[in-house]
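Got your viewer open? Load the model shown below and follow along, one selection at a time.

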Amino acid sequence: KTLAEGQLCYVEGTGLQSYNGTSWVTWGTAQGLALVQAETSFNASSFNSNACFTSTYRNYVINIVINSASTFGTLLWQGRTGGTTNSNANYSFQNTVFDTGATYARGISTQTSSQLAGSFGGQNLGGQIHVFNPQATAQTAISSVLGFNSVTVVGSGFFSQTTSFDAFTISTSSGTLTGTYSVYGYNQ
């Protein structure tokens, strides 16, 4: 069959293309989320993702479900590079807790991790953590919405240095976390 002007094709990861007589022209790009790291189980006081942040995507979302936590601890996030968790005091965070009354926790610019939620031990927890610019040599921001029982925690965090992260660590200040997580990249 001869290639002719007006022919269409769909290329996964690129989108719909048409042939204009001399070259293929992309009509749109692939939209939505792309699975980067399939559902992974954990049962520890902290767990590290595989190298999941690459230059393929600028921003990511981590879906997390914690089925149980053995004690009342604080849920924490840190970036990783080359298999090493960055615990430099360059993190900040702010959380707002919505239940019968709004309360918040805040740590300004000299923290060794970003707090996602506080004191949720023995309860199920689930939600999303959005990570912005982790792979770029730029400052990394996070935002999260996590729920447990009748409480919702909305948080944000920031790593103030221009460090390129390829993975992350999630930990608790005390006890053991049991659950699963998946990582998705946002198509541009």
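Start by selecting Phe47 and Ile170: Ile170 in strand 15 is the bridge partner of Phe47. Strands here are DSSP runs (E, at least two residues; helices would be H or I, at least four residues), numbered from the N terminus, and two strands pair if DSSP finds at least two bridges between them.

A quick word before we move on. This is a predicted model, where local features need pLDDT of at least 70 and side-chain atom pairs count only at pLDDT 80 or more, while totals for chains, interfaces and linings use all residues. Residues are numbered from 1 along each chain as its sequence is written, and side-chain values use heavy atoms, with hydrogens and water left out.

**Stop 1: strand 15**

Select residues 167-172, which make up strand 15. Strand 5 (residues 46-48) runs antiparallel to strand 15, joined to it by 3 bridges. Is strand 15 mostly covered or exposed? It is mostly covered, with 6 of its 6 residues buried; buried means under 20% relative accessible area, exposed over 50%, and partly exposed in between (1.4 Å probe, protein chains only). Now show the side chains: Ala167, Thr169 and Ser171 point one way, Phe168, Ile170 and Thr172 the other way, and all are buried. In a regular strand the side chains alternate between the two faces of the sheet.

**Stop 2: strand 7**

Next, select residues 75-81. This is strand 7, and because 6 of its 7 residues are buried, it is largely enclosed by the rest of the structure. What does strand 7 pair with? With strand 15 it shares 6 bridges, running antiparallel. Look for Gly79, whose bridge partner in strand 15 is Phe168, and for Leu76, which has Ser171 as its bridge partner there. Add residues 114-117 to the selection: this is strand 11, antiparallel to strand 7 and joined to it by 3 bridges. Here Leu76 stands opposite Gln115.

Now follow the chain on to strand 8 (residues 84-85), which is antiparallel to strand 7 and joined to it by 2 bridges. Thr81 has Thr84 as its bridge partner. The two strands form a hairpin with 2 residues between them, and Gly82 in the turn has a positive phi of about 55°.

**Stop 3: the sheet of strands 1, 2 and 3**

Select strand 1 (residues 8-11), strand 2 (residues 15-19) and strand 3 (24-26). These 3 strands form an open sheet in the order 1-2-3, with antiparallel pairing. Strand 1 and strand 3 are the edge strands, each pairing on one side only. Strand 2 and strand 3 are joined by 3 bridges, and Ser18 stands opposite Val25 in strand 3.

Turn on the side chain of Leu8 in strand 1: Leu8 is exposed, with a relative accessible area of 55%.

**Stop 4: two cysteines**

Pick out Cys9, partly exposed with a relative accessible area of 25%, and then Cys52, which is buried at 2%. How many disulfides are there? Counting pairs of cysteine sulfur atoms within 2.5 Å, the total is 0 disulfides.

**Last stop: zoom out**

Show the whole protein, and you have 0 helices and 16 strands in view. The C-alpha atoms fill a box of roughly 65 × 35 × 30 Å, taken along the principal axes. Of the 188 residues, 39% count as buried.
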